[in-house]
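Visitor: Could you take me through one part of this model up close? I'd like to see how a single strand sits among its neighbours.

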Amino acid sequence: MAANRMPSAEVEISGELVRRLLAGQHPDLARLPVKFLANGWDNELYRVGDRLIARLPRRALGSQIIKNEQRWLPSLAARLPLPIPAPERTGVPACGYPYSWSMVPYLPGVPAAEAGSFDPAGAAAAVGGFLGALHVPAPPDAPANPVRGVPLAERAASFAANLALIGGQVDENAVLRGWDAALAAPGYDGPPVWLHGDLHPLNVLVNDGQVSGVIDFGDITGGDPASDLSVAWMLLPPGVHARFWRAYQEAGGRVDDALRARARGWALNLAIVFLAHSEDNPVLRDVGRRTLGTVMCA
């Protein structure tokens, strides 16, 4: 179904590069085993020993992402109810590698999108409570993000372009009806709140059937909480959505029908993004398919 591949890496990263960077900047870690773990659109991850992960940008866009995480995650981590990968150490460009990089803690678990199963009611409570705690007013110098936390209408052009890429493979009329309904909801009129920015089932960890952490804060920003709350449709079956919203409110989040409508619109938008841009990422493509089905059945 997908039409485009993930963005290409702009620099070559390898386990050997990680070893050389560690030897030059964190020599006490240099003898630990290094093993490739995963890559996303913006970063590559390498397991370093049993306790740490090296997180290195694979393209220029990721270099600012790393700096945002280094600045903001340590202070956010202290007040959140789930573990997050706040950088424990940082690195600077060296060995021909042009970007800053981080050493973050290894959080046990696997992405929810890859977990064989997990407790959906428990996940609804855990993720809803996490977001309620996260979504407090962000400072004026919070990172800007042109694609997350913004009014949904600002994504209309990209939504139309992505839908055109997969046209004929989805019920376009139904998708457009759902999109129009979301656009018709009242906009957000509160203060910008802290947002994860990219909260989908590959960034929620599950260990022994329970949510164990939240990773990849590369799109951290402030704005409308609806974009984060779209995770309800991406992660959870409809039967536990009420528990998700209740946990969000109990943790301090404010909920109304307009917020839920915008969040559903964000889920629809992200489903189309995943379907249009994950030719070489079958897990993310499946997230798009499942999300679209959940949104359309809601």
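Guide: Sure, let's start at a pair of residues: Val48 stands opposite Leu52 in S3. Keep in mind that this is a predicted model, so read everything here as computed from it.

Val48 belongs to strand S2, residues 43–48, which pairs with S3 in the antiparallel sense over six bridges. Together S2 and S3 make a hairpin, with three residues between the two strands. Have a look at Gly49 in that turn: its phi is positive, at about 65°. Now follow the pairing along to another facing pair, where Asn43 stands opposite Pro57 in S3.

S3 itself covers residues 52–57, and six of its six residues are buried. That goes for both faces of the strand. On one side you'll find Leu52, Ala54 and Leu56, and on the other Ile53, Arg55 and Pro57, all of them buried. Yes, Arg55 is on that buried list too.

S2 isn't the end of the story for S3, though. Strand S5, residues 101–105, also pairs with S3, running antiparallel and joined by four bridges. If you want a spot to zoom in on, try Ile53, which stands opposite Val104 in S5.

Step back and you get the whole sheet: five strands in the order S1-S2-S3-S5-S4, open, with antiparallel pairing. Strand S1 (34–39) and strand S4 (89–91) are at the edges with a single partner strand each, so one side of each has no neighbour in the sheet. From one strand to the next, the twist averages 25°.

There's a helix to add to this picture as well. Helix H2, residues 60–77, lies across S2, S3, S4 and S5, and runs at about 135° to S3.

While you have the model open, swing over to a helix pair. Helix H3 (residues 120–134) packs with helix H8 (residues 241–250) at an angle of about 30°, and their axes are 7 Å apart. H3 and H8 are therefore roughly parallel to each other, since angles under 35 degrees count that way. Their crossing is right-handed. On the H3 side, the residues that meet H8 are Ala121, Ala124, Ala125, Val127, Gly128, Gly129, Leu131 and Gly132. H8 brings Arg243, Phe244, Ala247 and Tyr248 to the contact. Sort the residues of this contact by type and you get eight nonpolar, three polar and one charged.

How values were computed. Residues are numbered from 1 along each chain as its sequence is written. This is a predicted model: local features need pLDDT of at least 70, side-chain atom pairs count only at pLDDT 80 or more; totals for chains, interfaces and linings use all residues. Side-chain values use heavy atoms; hydrogens and water are left out. Axes are lines fitted to C-alpha atoms, for helices over the stretch in contact, and angles run from 0 to 180 degrees between N-to-C directions. Angles under 35 degrees count as roughly parallel, over 145 as roughly antiparallel, 65 to 115 as roughly perpendicular and the rest as oblique. A crossing is left-handed if the near helix is turned anticlockwise from the far one by less than a right angle, and right-handed if clockwise. Contact means heavy atoms within 4.5 Å. Ala, Val, Leu, Ile, Met, Phe, Trp, Tyr, Cys and Pro count as nonpolar, Asp, Glu, Lys and Arg as charged, and the others, Gly among them, as polar. Buried means under 20% relative accessible area, exposed over 50%, partly exposed in between (1.4 Å probe, protein chains only). Two strands pair if DSSP finds at least two bridges between them.
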